[in-house]
Amino acid sequence: MMIRIRSRDGLERITVDNPQITVAELKSLIQSNLNVPVPTQTLSTHQNLLLAKTPDDLARFTDMSNPRTPISSLGLGHGSIVYLAYEGSRTVAGPAIRPAGSFGRKMTMDDLIAKQMRIARQESPHCELASFDRDAANAFQHYVNESLAFAVKRGGFMYGTVSPEGKVEVHFIYEPPQQGLEDNLILLRNPEEENAVEAIALGLGMRKVGFIFSQTISQTKKDYTLSSREVLQAAELHGESGLKEWVTAVVKLEVSEDGGADVHFEAFQMSDMCVKLFKEGWFETELGEDADPKLSKMKKDVVVGGKDTREVDNDFFLVVVKIFDHQGPLSSTFPIENRNNPVTMRALKNHLDRAKSLPFVKRISDFHLLLLLSRVLDLSADVPALAECVQNQSAVPEGYQLLIESMANAS
């Protein structure tokens with residue numbers, strides 16, 4: 001069977017031959033497969049382990065502390081996730097690359113560069129489908145349509161879940177600080193805020209699953225699906241994620257023949273080849289004003305359709321993903337971060353007042369509200385605890401209720 005191991009390095013997998021193995025035997029498998037020494041490992045079935053900062057924090061996670069405990073008694077089976085914290089760093093050894101016809105001889109980087117890169121379309125995505133929470137998707141498209149009028153670009157990171165079959169469900173969208181232009185989107189990443197977003201997502205049992213951005217009206221009049229600048233940005237973020245199911249979504253306004261306009265969502269994955277080329281530095285990243293936006297420029301010759309070229313049609317790098325929608329576990333009615341009007345505690349009071357008739361956990365079941373609270377609450381304890389209440393729809397401890405209501409009333 002397969003067990004998924006989630007650590008600060010991302011999600012990895014190990015194969016377990018005997019479902020009755022003990023915690024000690026699982027740790028030995030992790031050591032041999034993932035290069036993490038057994039003495040440095042702390043394992044748990046609780047995701048908050050990854051937020052632990054000190055030895056005392058780690059010591060609180062005791063569910064897998066007994067080395068003789070069979071993992072089956074912990075409810076772990078095929079596809080289960082075990083959370084791993086460890087001290088120090090590790091090197092993951094990759095397989096040696098051998099050129100065809102040279103069995104036993106390792107291929108050097110110079111050998112690899114000397115060979116021409118062949119680019120072909122990738123027929124199937126790693127993502128089975130992408131399903132968007134209706135309210136989250138509507139909140140994003142409504143802003144770019146009504147407030148920005150599709151005149152400048154807007155973007156956000158999508159968070160949700162990925163099933164073992166590769167189904168991506170998007171439950172909320174985080175919009176980082178940014179500058180949107182007519183044909184370019186500059187993300188002004190805020191590490192402190194993104195750490196808070198990650199802490200909330202972890203408490204909710206979610207992770208970053210993709211990137212969404214809007215195209216402007218002027219772009220929809222041009223004959224490309226994604227521009228070369230968009231390909232570069234999408235490939236960079238896909239590669240940064242380390243998630244093979246990562247989704248890139250595009251929102252655009254399409255004008256019909258009768259003059260009407262409709263908002264459309266499209267979803268893609270950047271091909272494996274595209275991400276590989278970006279990571280290895282094949283793309284020209286400095287684009288001139290006269291560059292054709294539907295062609296990606298390469299620093300070295302590549303082979304497309306049997307011909308050597310340094311210009312590749314962007315569509316070669318796109319793999320279409322099916323789109324669905326769903327009603328997710330969160331609301332999307334709270335004001336959204338990093339837009340024209342700063343979000344203050346006054347918004348918190350207004351939101352709580354509007355939802356007075358609901359249970360308190362329902363009133364705070366909104367990512368954007370939790371992000372506002374994270375400015376004041378402790379990221380390692382308070383924020384995950386509240387997010388876990390939201391995930392389980394369990395009663396919020398009275399102390400937290402009083403604290404949140406006092407913050408709202410003090411505005």
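This is a short walk through some strands, a helix, salt bridges and loops of the structure above.

Okay, ground rules. We're looking at a predicted model, where local features need pLDDT of at least 70, side-chain atom pairs count only at pLDDT 80 or more, and totals for chains, interfaces and linings use all residues. Residues are numbered from 1 along each chain as its sequence is written, and side-chain values use heavy atoms, with hydrogens and water left out.

Let's start with strand E3, residues 41-44. By strand I mean a DSSP run of type E with at least two residues, and a helix is an H or I run of at least four, numbered from the N terminus. In a regular strand the side chains alternate between the two faces of the sheet. Here E3 is covered on both faces: Gln41 and Leu43 are buried on one side, Thr42 and Ser44 on the other. Buried is under 20% relative accessible area, exposed is over 50%, and partly exposed is in between, with a 1.4 Å probe and protein chains only as cover.

E3 runs antiparallel to strand E4, residues 81-86, and four bridges join the two. Pairing needs at least two DSSP bridges between the strands. If you want one contact to click on, Gln41 stands opposite Tyr86 in E4.

Next, the open sheet of three strands. The order is E5-E14-E15, and the pairing is mixed. E5 (117-119) and E15 (307-313) are the edge strands, each with a single partner, so each has one side without a neighbour in the sheet. From one strand to the next the twist averages 45 degrees; for that angle, axes are lines fitted to C-alpha atoms (for helices over the stretch in contact), and angles run from 0 to 180 degrees between N-to-C directions. E5 pairs with E14, residues 295-304, in the parallel sense over three bridges, and there you can find Arg118 opposite Val303 of E14.

Staying around there, Asp301 makes a salt bridge with Arg310, with the closest N and O atoms 3.1 Å apart. The cut-off is a side-chain nitrogen of Lys or Arg within 4 Å of a carboxyl oxygen of Asp or Glu. Both partners are partly exposed: Asp301 at 32% relative accessible area and Arg310 at 44%. There's also a network, with Arg154, Glu175 and Arg339 joined by salt bridges that share partners. Over the whole structure the search finds 15 salt bridges.

Now helix H7, residues 228-241. How does its length compare with what 14 residues should span? At 1.5 Å a residue the span should be 20 Å, and the end C-alpha atoms are 20 Å apart, so that agrees. The expected span, by the way, is 1.5 Å times one less than the number of residues. H7 is mostly covered, with 10 of its 14 residues buried; among them are Val231, Leu232, Leu237 and His238. Just after the helix, Gly242 takes a positive phi of about 70 degrees.

H7 brings us to Arg189, which has two salt bridges to look at. With Glu194 the N to O distance is 2.6 Å, and Glu194 is buried at 11% relative accessible area. With Glu240 the distance is 3.1 Å. Arg189 sits in the loop between E10 and helix H5 (191-203) and Glu240 is in H7, so this pair ties together parts that are 51 residues apart in sequence. Arg189 is partly exposed at 31%, and so is Glu240 at 46%.

Last stop, the loops. Most residues other than glycine have a negative phi, and most peptide bonds are trans. So which way does phi go at Ala149, which is not a glycine? Positive, about 55 degrees. Ala149 is in the loop between H4 and E7 and is partly exposed at 43% relative accessible area.

Val152 lies in that loop too, between H4 (134-147) and E7 (155-162), and is partly exposed at 27%. From Val152 to Ile217 it's 65 residues in sequence but 8.5 Å in space, C-alpha to C-alpha.

And Asn338, not a glycine either, has a positive phi of about 60 degrees. You'll find Asn338 in the loop between strand E17 (323-326) and helix H9 (345-354), partly exposed at 29% relative accessibility.

That's my tour, thanks.
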